[in-house]
Amino acid sequence: MLAIFSLVYIFIALILLASSSIVFYHFRRFSVGGNHQFIISIFIVGSALLFLAGFLAFASVDWKAIYELAVNLPKLYDPIQGR
Amino acid sequence: MIQFREGEKIIAIYRRHIIVLVSELAAIVLFSLAIIAVAISSGVFIPAGFSALYPLILFSAVLFLHLFWIAAFIVLADFFLDVWILTDQRVIAVEQKTLFSRVVSECSLSKIQDTSIEISGFIPTILHYGNLTVRTASEHQDFIFKQVARPNSVSEEIARTAREFGKITNDIVSP
């Protein structure tokens with residue numbers, strides 16, 4: 001199950017990386033006038049931090065516990081009694 | 001990348017008014033703040049039995065923030081890459097319609113005929129921005145400086161530059 005979620009995360013991360021690259025390419029290729037290096041630097045640093053945060057958050061998720069929680073949900077919550 | 005001619009001097013570079021960028025970014029910033037608030041408050045209000053979900057909520061929040069981060073820079077790219085350049089030889093209009101659609105048009109200063117300004121709405125009137133249309137002798141469409149700041153000053157600067165350099169440019173262009 002972890003492998004499936006890892007693959008999904010890798011797929012999402014690749015989409016985010018591709019989108020980031022497209023934005024970066026547009027700024028580098030087409031910018032005219034002004035100091036766009038600063039904007040590009042902020043974008044790269046922000047993207048790198050968010051990638052790192054995303055990876056750390058993904059690594060901290062206990063998928064087994066979530067699976068067990070989902071399986072045991074009917075036992076934890078009784079809709080008739082409301083608890 | 002725009003190729004300037006040899007000896008061509010940039011007189012001015014115009015972009016949309018900064019308030020246009022701010023208004024487009026405001027929604028993204030608000031949604032991002034809402035996601036951060038949900039992520040933080042879920043740590044406090046999540047029931048004890050469901051604490052395993054908290055890292056998943058944080059992970060989802062980071063993913064959404066990353067998406068918003070990219071969206072914000074797409075908006076920034078659209079703002080900064082929509083540009084109108086006045087040089088001593090011509091007017092160049094670059095319009096980034098979408099990320100993969102870009103129109104670059106140019107007109108010699110000697111072909112500029114007249115300009116008109118359109119300021120409509122409460123905020124554009126207060127903040128002095130609007131559309132400036134530059135009519136040309138060309139058969140192609142007119143140049144529209146969209147939501148440009150202080151269109152009166154821009155119009156005057158174009159007229160002054162056309163008066164100053166237009167004839168010289170004409171001499172260069174037509175042999």
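**Notebook: chain A fold and its contact with chain B**

I read chain A along its sequence and noted the pattern α-α-α-α. The model I am working from is predicted. I counted four helices and zero strands in chain A. I then looked up burial and found that 12% of the 83 residues of chain A count as buried.

**Helix pair in chain A**

I next examined how α1 (residues 2–30) of chain A packs with α2 (residues 36–60) of chain A, and recorded an angle of about 175° with the axes 10 Å apart. I entered the pair as roughly antiparallel, because the angle between α1(A) and α2(A) lies over 145 degrees. For the contact, I listed the residues that α1(A) contributes: A:Y9, A:A13, A:S20, A:V23, A:F24, A:F27 and A:R28. From α2(A), I listed A:H36, A:I39, A:I40, A:F43, A:I44, A:S47, A:F51 and A:F58. I sorted the residues of this contact by class and obtained eleven nonpolar, three polar and one charged.

**Contact between the chains**

I turned to the contact between the two chains, to which chain B gives 27 residues and chain A gives 31 residues. On the side of chain B that touches chain A, I found that the elements giving two or more residues are α2 (53–81) and β2 (83–87) of chain B. I noted that α2(B) supplies the largest share of that side, with 17 residues. I closed the entry with the classes on the side of chain B that touches chain A: 25 nonpolar, two polar and no charged residues.

Note on methods: Residues numbered from 1 in each chain as written. Chains lettered and ligands numbered in written order. Predicted model: local features only at pLDDT ≥ 70, side-chain atom pairs only at ≥ 80, totals over all residues. Contact = placed C-beta atoms within 7 Å. Nonpolar A, V, L, I, M, F, W, Y, C, P; charged D, E, K, R; others polar. Buried ≥ 20, exposed ≤ 12 C-beta atoms within 10 Å, placed from the backbone. Axes fitted to C-alpha atoms, helices over the stretch in contact; angles between N-to-C directions. Parallel < 35°, antiparallel > 145°, perpendicular 65-115°, else oblique.
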